[in-house]
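Q: I'm new to reading structures, and I'd like a close look at one part rather than a quick tour. Could you take me through the packing inside this one?

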Amino acid sequence: MNAPTTLSADALAGAVDPDPQESAEWREAFTALVAAHGPQRARQILDGLAQLARQQRIGWQPELSTPYINTIAVDAQPAFPGDLAIEERLASLMRWNALAMVVRANHSYGELGGHIASYASAADLFETGFNHFFHARNEAHGGDLVFFQPHSAPGVYARAYLEGRLSEGDLLHYRQELTAPAFTGGQGARGLSSYPHPYLMPDFWQFPTGSMGIGPISSIYHARFMRYLTHRGLLDCNARRVWGVFGDGEMDEPESMSALTLAAREKLDNLVWVVNCNLQRLDGPVRGNGRIIDELEKLFAGAGWNVIKLVWGSDWDGLFARDTTGALARAFAHTVDGQMQTFAAKDGRFNRDTFFGQNDELKRLAQGMTDEQIDRLKRGGHDLVKIHAAYAAAAAHSGQPTVILAHTKKGYGMGSAGQGRMTTHSQKKFESADLIGFRNRFHLPLSDEQATSLAFYKPADDSPEMQYLQSHRAALGGAMPRRETACGIVPKPDLAAYAQFAVAADGKEMSTTMAFVRMLGALLKDPALGPRVVPIVADEARTFGMANLFKQVGIYSSVGQRYAPEDIDSILSYREATDGQILEEGISEAGAIASWTAAATSYSVHGLAMLPFYIYYSMFGFQRVGDQIWAAADQRARGFLLGATSGRTTLGGEGLQHQDGTSHLIAATIPNCKAYDPAYAGEMAVIVDAGIREMLVEQKDVFYYVTLMNENYAQPSLPPEAHADVLRGCYRLAGDPAAAPQARVTLLGSGAILTEVVKAAQQLAAEGIAAEVFSVTSWSELARDGVACEAAAATPFIAQQLAGGAGPIVAATDYVRAVPESVRAFLPMGRRYITLGTDGFGRSDTRAALRDFFGVDAASIVRAAKAALG
């Protein structure tokens, strides 16, 4: 409902009007204008007046917030297309089964946790989407993308149970993945993960949303990536939409807010957010002394989004219709979230006395209503008719992304056990009276015994409810969420076709970064693989030598290029195009990794395999956006992360916050991330080639992290017999293990420091000490192999490689010592092991000075080797 036309802005603000008659004449004139010429003419006049106000410099601009009432007027609501009674019964069943699942688990195992209250508040928001809007992928429709509020996972499981996708046994193993029969015996009931986790339930969940803020930013970049696919002619995504149901507390996360302007700038009208405004964070009010809905309205409107406020349910329509003085709107304008939560937690009598008892106008509005009727006045997010109207308006809106701010009660229907209470987030236990009260509140067909024993309820297959549920999902393409992985194999070009210069370098000087960019340019020209490659850069594309790709494939822009670039006369000039292939994300590592995730999961989300290469300063990867990389791993991403200018001594003058000494340590913690630190272009080429084969041809759920350097040095050729060892983690670069001088030592090096290791070997040889040199391409792969061999009672690969040598082993890297320390347990027995690394903070100086300071230069390696020899 809209505010009555007699309500003035001054009345809402509580300001004193010095000339009420003049104000009334202005309002009457404007009302007459709207009636005579319509909204478009009214908007023209308002725009003109706003421009005039700016010219007169009166210091005024329109408020970005509107009264605390619904955006969509009653007379603008479309007819509800479903059976309201059946849909309400279905929503009640979902609430009950979700509650029963969580409470049963905690009766049996008090430590399991789980959430009831979030889904209780969002159930109607989900059900309206499931019944009318959320398309699944089928032959007729590419499918919508839906990001589910993570604490509401029990409700999604409850719906899947009614649909027949999950069994009662599955529900009984909620948060019990390791003890479920499917895990222990290979068949039977499966365990259900706590939150949406595609890695754990790869046929069910599409998107991981458990880490607050990552779902929102991911949804924006998925919507943009769908436009990218459409504009490049790879896949028509025009009929598809991205829906995100998120919590109001989640909007505090910087990732949630960081890409709002991008969504508006790109005009992503294929994106709809539903923010569940239950006014409660995990443990208390979101804005106890303010109003989160007002704050979010200003934020989204200012960012350029279409905002739909869904505040009050249909029960309020009659009250607003009778309220000719604007008393309700004035009362709401002065009611903060903390007080709203108190109203939610209390009964009808309290709300009559405390809210409607504020003044005579409100008292008159409540006359004739019983306390029970007041108690059951719904907030907008619990009214299926209002929700459908909001969703329909969002789906029909063009030119902007839409956010629906849905007012709900956390723990809706839980009564004194948890509705609106500070403790409701962690509510997991119910007394018998509470369970019976919940049953009565939602008219559930359960006996007292069934309610108190937490029996699951599933109507008969031929019941009206089940037929309704199945028919509506069939009309929308089938069950959701549903993750699919079938996609066509993308053929890989031969290594020699794009990287012969690298594997047969013959001593040419280059950096591995330059070698990678040259390889990337060649891959982009391959007729089969080239169109599937997605180059991504957050910043410094020219620093990484990618300028030559601007002309070759262009930078993606949804509007093309509307300007003549400053460097238009250059052969490397900047070029934007609607079919551009490079995603240049500006200075936003969070945005770039979200783009990478969208491309890296395209094989499952769209059935179209893509191959993203995201290149960035290595320090700004795992350390800065590591949580997003972890979420991508959960989503079984396939693609390349390229950590350029890697190591703590490669990026000379930049200093502490730019120099990376830890990324390989963090990468090693992600099970499906294969991390490599190649020193030479040939090694890097073999690794990239293997990654393309593994991800696109063999279609394995892995992704690669490869570090690159900007330091030019001579690049040796890589013999074919070393290729397999490069992929396993190390190969012999120099030295004869059969040589038997009096003093022998083995040197291990990787990445930027391998050249120092080679120099050290030469210096040791000059002093009569034989040094065998190994290039370690992946410390983490060696460590994983060692762990696997321990379990199988086999000899680790690193031990096999070093078996022919003798004497102490010295390892040096450009990373903290914990990286080479990871293989200590797997080395040959009886040989002393010394590790050198760059522990501590970085410094600003030359490479030589930095390597001397951290003790990883050739001289330091020589000293360590001689000390180990005694």
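A: Here is a walk through the nonpolar packing, with a little of the setting around it. Keep in mind that this is a predicted model.

Let's begin with the whole chain. It has 870 residues, and 59% of them count as buried. A compact globule of that length would have a radius of gyration near 29 Å, and this chain has 32 Å, which agrees. The C-alpha atoms fill a box of roughly 105 × 70 × 50 Å along the principal axes. Running through the chain are 36 helices and 20 strands. If you take the contacts with a separation of 6 or more, 78% come from residues 24 or more positions apart.

Now for the inside. The largest nonpolar core has 89 residues, and the members touching the most others are Phe613, Phe640 and Leu747. Helix α29, residues 681–697, gives the most to this core, with 10 residues. There is also a second, separate core of 88 residues, and Leu268, Phe332, Ala632 and Ala675 are among its members.

Let's zoom in on Leu747. Setting aside neighbours within four places in sequence, Leu747 is in contact with Val757, Ala760, Ala761, Leu764, Ala771, Glu772, Val773, Phe774, Val810 and Ile861. Try finding Leu747 in the picture and picking out those partners one by one.

Helix α29 turns up again when you look at helix α22. The buried residues of α22, which covers 495–503, are Leu495, Tyr498, Ala499, Phe501, Ala502 and Val503. They pack against α29, along with β6 (508–510), α23 (512–524) and α30 (723–728). A general point helps when you look at such a helix: an α-helix has 3.6 residues a turn, so residues three or four places apart point the same way.

The loop between α21 (464–475) and α22 holds Pro481. Met480 and Pro481 are joined by a cis peptide bond, with omega about -5°. For background, most peptide bonds are trans, and most residues other than glycine have a negative phi.

For a contrast with all that burial, look at two loop residues. Arg57, in the loop between α2 (20–55) and α3 (84–108), has a positive phi near 55°. With 77% relative accessibility, Arg57 counts as exposed. Ala793, in the loop between α32 (779–792) and α33 (797–802), also has a positive phi, near 55°. Ala793 is exposed too, at 73% relative accessible area.

Definitions and conventions. Residues are numbered from 1 along each chain as its sequence is written. This is a predicted model: local features need pLDDT of at least 70, side-chain atom pairs count only at pLDDT 80 or more; totals for chains, interfaces and linings use all residues. Side-chain values use heavy atoms; hydrogens and water are left out. A nonpolar core is a set of buried Ala, Val, Leu, Ile, Met, Phe, Trp, Tyr and Cys residues joined through side-chain atoms within 4.5 Å. Buried means under 20% relative accessible area, exposed over 50%, partly exposed in between (1.4 Å probe, protein chains only). Helices (H or I, at least four residues) and strands (E, at least two) are DSSP runs, numbered from the N terminus. Contact means heavy atoms within 4.5 Å. The radius of gyration is taken over C-alpha atoms; the globule rule is 2.2 Å times the number of residues to the power 0.38.
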